[in-house]
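This report looks at a few parts of one protein chain. Please read it with the structure open beside it.

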Amino acid sequence: MPPRRRTLGALGATLALALVLGLTACGGGGGGGNSGAGGRGGPADRTLRIVAGSEQKAILDQIVVPWCTAQRYTCDYTLLGSVDQARALQSGSTTYDAYWFASSVFAQIGDSQGRLRDTRSMFVTPVVFAGRRSAMQRLGLTDRPQVTVGDVLTAIQSGDPHIWSTNPTQSNSGATTLLAFMNHFAGNGPGQPLTAAQLDSPQVDQGITTFVQSMDRTPPSTGTMMQECVDAPDQCDAVFTYEALVIEQNQQLVAQGKEPFYAVYPEGALAISDAPFGFLPTGEADAAKEKIFSELQDHLLNDPKARRDLLHLGRRPADSIGLTLDQPDTTVFDPAWGIKTDIREQGISYPSAAVIEQVLERYHTRYRRPVTTYYCLDGSGSMSGDGWDGVKEAAHQIFDPDQARLNLLQTGPEDRTTVAVFNDHQAAGPFTVDGNDPARMRQLEADVTGYEPGGGTNMYRCLDDAVAALARDTEPGRKKLIVVMSDGQSSGSAKAGQDRVRAAGVPVVAIAFGDADPEQLTAVAQASGGAYVESDDLVSALREAAGYK
């Protein structure tokens, strides 16, 4: 069962990053994601297995699956992040027949071996800077004929606004935002992609470091970020997100009588996502599957109703001239929301895959803030067997430097990592590593994997220790995160534990595994402004939680 995240406020830490092509989760997390099906569940040659970003969920549910049903095909889909997709494609996986990336940024990395066929853009949507209209008014960005990238930078650095962007190593919207602003700091005009040499220039290095460290939150996916921002108005003023998701969210907010978001388009740093959709030959049924894929592509691009449906979901046609629209539906592309339909600015040109890899590596090692993370892992007797085997594998994925690099979960040179194993008392640890020395990180993994589960369950004891340890960590500018995982009903005072994490002001990612009490873990996450993840796949769940750093 893939992880299910229930948003319970904002998370307050920037993710530890690694080189690209890691295996981290998006949206619902884990290797599984969400799925939907159309048709009558026919044979394999009438089934198309699609993997897509969370941004495409509305299109899959409202356009793709109904079309498949009408054609008597079965279309199964899985939602994975851009990095997950890239890793699966590059690994030679044959799990999916078609890949639907959010943009060419990660598509070119994942398809470095040229395995996809007939890849075409299905629609385009720009990345915008958006927040509730009242917040955007305070930032001085509403009702202006033009908003430059300089205006946005000034607004971000004015006062103390809470600005969010998705983590660029997990989510395409965060990656394209990062690249767009780096392009600006490099002084590149339209058609000029960022180069490797420019990464070392002081204006790029210093500019993007200031920009990245201005981000208050970095959720793991664009869809998650939008929902978290809506749920936490006191912690989120504005986000970098897709125009299409602003429109989707506003349609819901207006229907609920709530304040909609207002979007601006940073002139000079305009990033456009092009939703490339490509076919992967996987075996004997290729011809039949490719027929379904080609018909689906043709339907999305050329069928008048499908095109209208895409427009209704805020997606601009792939064949439009720039970002202009003729006779736009203003109930969708609503000027009152800041939506513009006459944009003629050329979007940035994305750099080569090699440069993107360097950018993501530097985000981790040079740009983001250092993070102190405290893991509380359930080592009670009920974790014996598969449960603890999952913890050991997750420790390998997170703490082994080579594996962490592949998984986009590297520990930074100034990070501090502590792991404690609890049962009905402190069972092992706490083990702490300052920095990312490979030998010490591998020893941390060995400290975890060498433990044998036993005893009862009291996660509140470990949470108390975590809160106390983080209170002693007073270094300015450092972010903090607690990750707690449990598979049972915890003893101890629930109310006192919730009060202490609330007072600490440190977000808790609470993972429920097996027979864990969801109410206890939900309450801890909610009290801390963190998130709740429910999963029977501990590798995916703990990897996802680590990704919140």
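Two strands are said to pair if DSSP finds at least two bridges between them. In this predicted model, strand 2 (residues 47-52) and strand 3 pair in the parallel sense over 6 bridges. One of the bridge partners in strand 3 is Thr 74, which is matched with Thr 47. Strand 3 (residues 74-79) is mostly covered, with 5 of its 6 residues buried. Helix 1 (residues 57-70) joins strand 2 and strand 3 in a right-handed β-α-β unit.

Further along the chain is helix 16 (residues 459-471), which has 13 residues. From its first C-alpha to its last, helix 16 reaches 18 Å, close to the 18 Å expected at 1.5 Å a residue. At the start of helix 16, a side-chain oxygen of Asn 458 comes to within 3.1 Å of the backbone nitrogen of Tyr 460.

Which residues of helix 16 are buried? They are Met 459, Tyr 460, Cys 462, Leu 463, Ala 466, Val 467 and Leu 470. These residues lie on the same side of helix 16, because they cover an arc of only 155 degrees around the axis. An α-helix has 3.6 residues a turn, so residues three or four places apart point the same way. The cover over the buried residues of helix 16 includes strand 16, strand 17 (416-422), strand 19, helix 17 (494-504) and helix 18 (518-528).

Two residues from the strands in this cover are set side by side here.

| Residue | Strand | Relative accessible area |
|---|---|---|
| Thr 372 | strand 16 (residues 371-378) | 4% |
| Met 485 | strand 19 (residues 479-486) | 0% |

Buried means under 20% relative accessible area. Thr 372 therefore counts as buried at 4%, and Met 485 therefore counts as buried at 0%.

What does the side chain of Thr 372 make a polar contact with? The partner is the side chain of Asp 473, at 2.5 Å. Leaving aside neighbours within four places in sequence, Thr 372 is in contact with residues including Leu 470, Asp 473, Lys 480 and Leu 481. Leu 470 is also one of the buried residues of helix 16.

For Met 485, again leaving aside neighbours within four places in sequence, the contacts include Cys 376, Leu 377, Val 391, Phe 422, Ile 511 and Leu 542. Phe 422 is 63 residues from Met 485 along the chain, and their C-alpha atoms are separated by 9.9 Å.

Conventions
Residues are numbered from 1 along each chain as its sequence is written. This is a predicted model: local features need pLDDT of at least 70, side-chain atom pairs count only at pLDDT 80 or more; totals for chains, interfaces and linings use all residues. Side-chain values use heavy atoms; hydrogens and water are left out. Helices (H or I, at least four residues) and strands (E, at least two) are DSSP runs, numbered from the N terminus. Buried means under 20% relative accessible area, exposed over 50%, partly exposed in between (1.4 Å probe, protein chains only). Contact means heavy atoms within 4.5 Å. A polar contact is a pair of N or O atoms within 3.5 Å; within protein, one must be able to donate a hydrogen and the other to accept it, and residues adjacent in sequence count only if both atoms are side-chain atoms. A crossover is right-handed if, with the strands pointing away from the viewer, the path from the first strand over the helix to the second runs clockwise. The expected span of a helix is 1.5 Å times one less than its number of residues. The arc is that of the directions from the helix axis to the C-beta atoms.
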